[in-house]
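Please work through the following exercises with the sequence and the model at hand. Each task is followed by a worked solution.

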Amino acid sequence: MLVVMRRFWIQKGSFDEFERLSREEIWPPIEAAGARILGMFRAEEPHPNDEVTEPCDMVILLTQYTDRDHWHATRARQDTWRGPDDVRARLAQGGRARHELTLATHPTFTEPVHVKIGGPFFTWKEEPMGSVE
């Protein structure tokens with residue numbers, strides 16, 4: 001199991017549209033491909049980011065995948081997408097619209113270290129994202 005904690009620094013005041021694009025355009029094809037959205041959270045205070053100097057809002061998204069290959073298969077890129085082309089096109093369109101609201105984004109990939117009653121516990125590994133999708 002892989003859980004990705006992705007932080008987004010978004011334009012101040014754009015959260016409602018960012019959340020709508022995620023919920024209506026981006027998550028349905030990702031969930032259809034077997035990923036599970038665990039939750040989206042709006043931070044009360046944005047975590048500092050050297051890339052973002054303007055006022056912003058911060059969003060944290062937790063998504064569960066089977067493994068790294070599964071994560072890659074849910075990206076809207078033609079070389080990794082494993083679903084129908086029309087679904088990939090809709091995902092890509094929603095991703096571009098959400099990207100317009102995004103000032104910076106960073107994922108953290110996690111793997112379970114052990115599971116207890118109360119939920120899994122994860123180690124955190126910061127890794128570069130590459131191009132925003």
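The exercises below treat the fold, one strand and a set of salt bridges.

This is a predicted model, in which local features need pLDDT of at least 70 and side-chain atom pairs count only at pLDDT 80 or more, while totals for chains, interfaces and linings use all residues. Residues are numbered from 1 along each chain as its sequence is written, and side-chain values use heavy atoms, with hydrogens and water left out.

**Exercise 1.** Determine which pattern the secondary structure of the protein chain follows along the sequence.

*Solution.* Begin with the elements: the protein chain has three helices and five strands. These are DSSP runs numbered from the N terminus, with at least four residues for a helix (H or I) and at least two for a strand (E). Next, read along the sequence, where the order is β-α-β-β-α-α-β-β. Finally, consider burial, which means under 20% relative accessible area, with exposed over 50% and partly exposed in between (1.4 Å probe, protein chains only). Of the 133 residues of the protein chain, 43% are buried.

**Exercise 2.** Establish how strand E1 is placed and which strand is joined to it.

*Solution.* Strand E1 covers residues 2-11, and nine of its 10 residues are buried, so the strand is largely enclosed by the rest of the structure. Then look for its partner: 10 bridges join E1 to strand E3 (residues 56-65), and the two run antiparallel. Two strands pair if DSSP finds at least two bridges between them. As an example of the register, Met-5 is opposite Leu-62 in E3.

**Exercise 3.** Identify the residues that form salt bridges with Asp-57.

*Solution.* A salt bridge is a side-chain nitrogen of Lys or Arg within 4 Å of a carboxyl oxygen of Asp or Glu. One partner of Asp-57 is Lys-12, with the closest N and O atoms 3.4 Å apart. Asp-57 lies in strand E3 and Lys-12 in the loop between E1 and helix H1 (15-32), so this pair ties together parts that are 45 residues apart in sequence. Asp-57 is buried, at a relative accessible area of 9%, whereas Lys-12 is exposed, at 56%.

Another partner is Arg-42, whose side chain meets that of Asp-57 at 3.6 Å, N to O. Arg-42 belongs to strand E2 (residues 36-42) and Asp-57 to E3, so the pair connects parts 15 residues apart in sequence. Arg-42 is partly exposed, with a relative accessible area of 46%.

**Exercise 4.** State which residues are linked with Arg-23 in a network of salt bridges.

*Solution.* The structure holds seven salt bridges. Arg-23 and Glu-24 meet in one of them, at 3.4 Å from N to O. The network links Glu-17, Glu-19, Arg-20, Arg-23 and Glu-24.
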